[in-house]
Amino acid sequence: MVRITLEAKKVDILDDAVRARACAAVDHYLSQTDPFLDTSELRSLKRTFTERDGLNARRFLEQLTPRVSPLLEELFGDSLGKFPEKELLEASCFYRQVTAVLGELDGKNKGDENSSPDDYVLDLCAGNSLAGILWLLEGRRFGEAPSVYAVDWKETKLAKLASQKVRASETSDRFSFKKLNLRNTQAATAYISEVRWRHQRDEIARSHGLVVAIHACGSLTDVIIDLAISQQLPFAVVPCCYDRRQEFLSPLPETTSRHLSGYFPSQKDYVDTLRIAAIYQRGYQVTLRVLPSSVTDHNRIIIGAPQHAL
């Protein structure tokens with residue numbers, strides 16, 4: 001059953017006015033007499049505007065103060081000022097939000113309070129690799145540093161500087177940067193499969209991996225979500241660049257999706273709503289979080305995890 005995270009009174013992801021308009025839009029859309037619009041998928045979409053997050057999650061959202069991780073400050077030292085403050089804050093807040101959610105889900109599904117550490121993290125569309133590096137640094141504090149694989153189509157000067165700083169640290173053997181065009185899905189799938197195989201403990205024990213991406217442009221967000229789901233890996237993405245011509249994940253036929261778009265208040269809400277529906281349809285649970293709006297306008301975090309993996 002498709003479920004959508006847009007319930008108006010539960011969590012401050014979309015403001016009340018946006019959520020109310022979105023719900024009303026779908027309700028209006030489904031009330032039309034045209035039989036083309038009366039499909040089981042769209043009826044499910046209407047029935048399941050729900051949100052699973054509780055009071056503690058809402059408080060965490062409200063209390064999140066933008067600040068650069070002290071671990072990044074320590075790693076980069078005098079070079080910290082070379083990195084855009086916006087990117088440092090995005091990575092720092094993203095790490096805090098995602099690990100809080102996945103840790104909570106992991107503990108709930110295992111029946112205890114201890115989450116399993118990630119064996120490896122794939123930082124896709126990595127840019128300057130700040131998100132992946134944070135997973136490495138934070139894991140090192142607890143003696144459980146994951147291997148981090150940063151991937152992007154080119155390695156910028158700042159990405160090279162970041163790599164140099166990490167490789168000069170005591171976790172140098174746990175970080176790598178690979179130049180790879182993720183739109184070449186065959187090559188990307190092969191690379192992720194290779195990483196998974198490298199970390200597979202044995203035929204019984206499951207390795208713990210995670211896919212992350214901050215501001216994967218346009219349909220690259222959908223490519224990354226699809227890659228993660230195809231490998232049954234949890235993921236956390238921050239979408240950006242909502243182009244009306246882009247292809248994106250949807251549980252509905254393309255013609256139906258296009259017709260529905262006019263009933264949403266923005267292209268962003270329209271695209272992300274159908275993305276989330278498609279993710280649910282493929283057996284994942286979804287949680288939404290935000291980066292502080294004072295840091296970035298493109299601040300929605302979509303966190304997905306396979307139902308059986310946590």
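Helix α9 is followed by Q232, which has a positive phi near 55 degrees. Helices and strands here are DSSP runs, numbered from the N terminus (helices H or I, at least four residues; strands E, at least two). The model is predicted: local features need pLDDT of at least 70, side-chain atom pairs count only at pLDDT 80 or more, and totals for chains, interfaces and linings use all residues. Residues are numbered from 1 along each chain as its sequence is written, and side-chain values use heavy atoms, with hydrogens and water left out.

Nine of the 11 residues of α9 are buried, so the helix is largely enclosed by the rest of the structure. Buried means under 20% relative accessible area, exposed over 50%, and partly exposed in between (1.4 Å probe, protein chains only). The buried residues of α9 are L220, T221, D222, V223, I224, I225, L227, A228 and I229. Their cover includes strands β1, β4, β5 (235-240) and β6 (284-290), together with helices α8 (185-199) and α11 (267-281). S219 sits in the loop between β4 and α9 (220-230). S219 counts as buried because its relative accessibility is 17%. Contact is defined as heavy atoms within 4.5 Å. Not counting residues up to four places away in sequence, S219 touches R183, Q246 and E247.

The protein has 11 helices and seven strands. Of its 310 residues, 54% are buried. Among contacts with a separation of 6 or more, 74% join residues 24 or more positions apart.

In soluble globular proteins, nonpolar side chains tend to be buried together. A nonpolar core is a set of buried Ala, Val, Leu, Ile, Met, Phe, Trp, Tyr and Cys residues joined through side-chain atoms within 4.5 Å. The largest such core holds 44 residues, and L72, F76, F94, V98, I133 and W135 have the most contacts inside it. Helix α5 gives the largest share of this core, 10 residues. V98 touches W135, A236, I301 and I303, leaving out residues up to four places away in sequence. A second, separate core has 34 residues, including V151, A213, L227 and L288.

W135 lies in helix α6. W135 is buried, at 5% relative accessible area. Beyond its neighbours within four places in sequence, W135 is in contact with F94, Y95, V98, T99, D118, V121, P146, L210 and V212. The C-alpha atoms of W135 and T99 are separated by 9.2 Å, with the two positions 36 residues apart along the chain counted as their spacing.

The second largest pocket encloses about 470 Å³ of space. Its 24 lining residues include C125, A126, G127, D152 and I214, the closest to its centre. Elements giving two or more residues to the lining are α5 (85-110), α6 (130-141), β2 (147-152) and β4 (209-217). The largest share, four residues, comes from α5. By class, the lining has 11 nonpolar, six polar and seven charged residues.

Confidence is expressed as pLDDT, the predictor's score for each residue from 0 to 100. The protein averages 77, and 69% of the residues score at least 70. Among the elements, strand β1 (residues 120-124) has the highest mean pLDDT, 97, and helix α2 (residues 40-47) the lowest, 48. Residues 1-15 have pLDDT below 50, yet this stretch has 60 contacts in the model beyond near neighbours in sequence. Over residues 45-55 pLDDT also stays under 50, with 37 contacts beyond four places in sequence.

Key: On a 1 Å grid over the protein atoms alone, a cavity is a set of points where a 1.4 Å probe fits but cannot get out, and a pocket is an open set with protein on both sides within 12 Å along at least five of seven lines; lining residues have an atom within 4 Å of a point. Grid points are joined across faces, edges and corners, and a volume is the space filled by probe spheres set on the points. Ala, Val, Leu, Ile, Met, Phe, Trp, Tyr, Cys and Pro count as nonpolar, Asp, Glu, Lys and Arg as charged, and the others, Gly among them, as polar.
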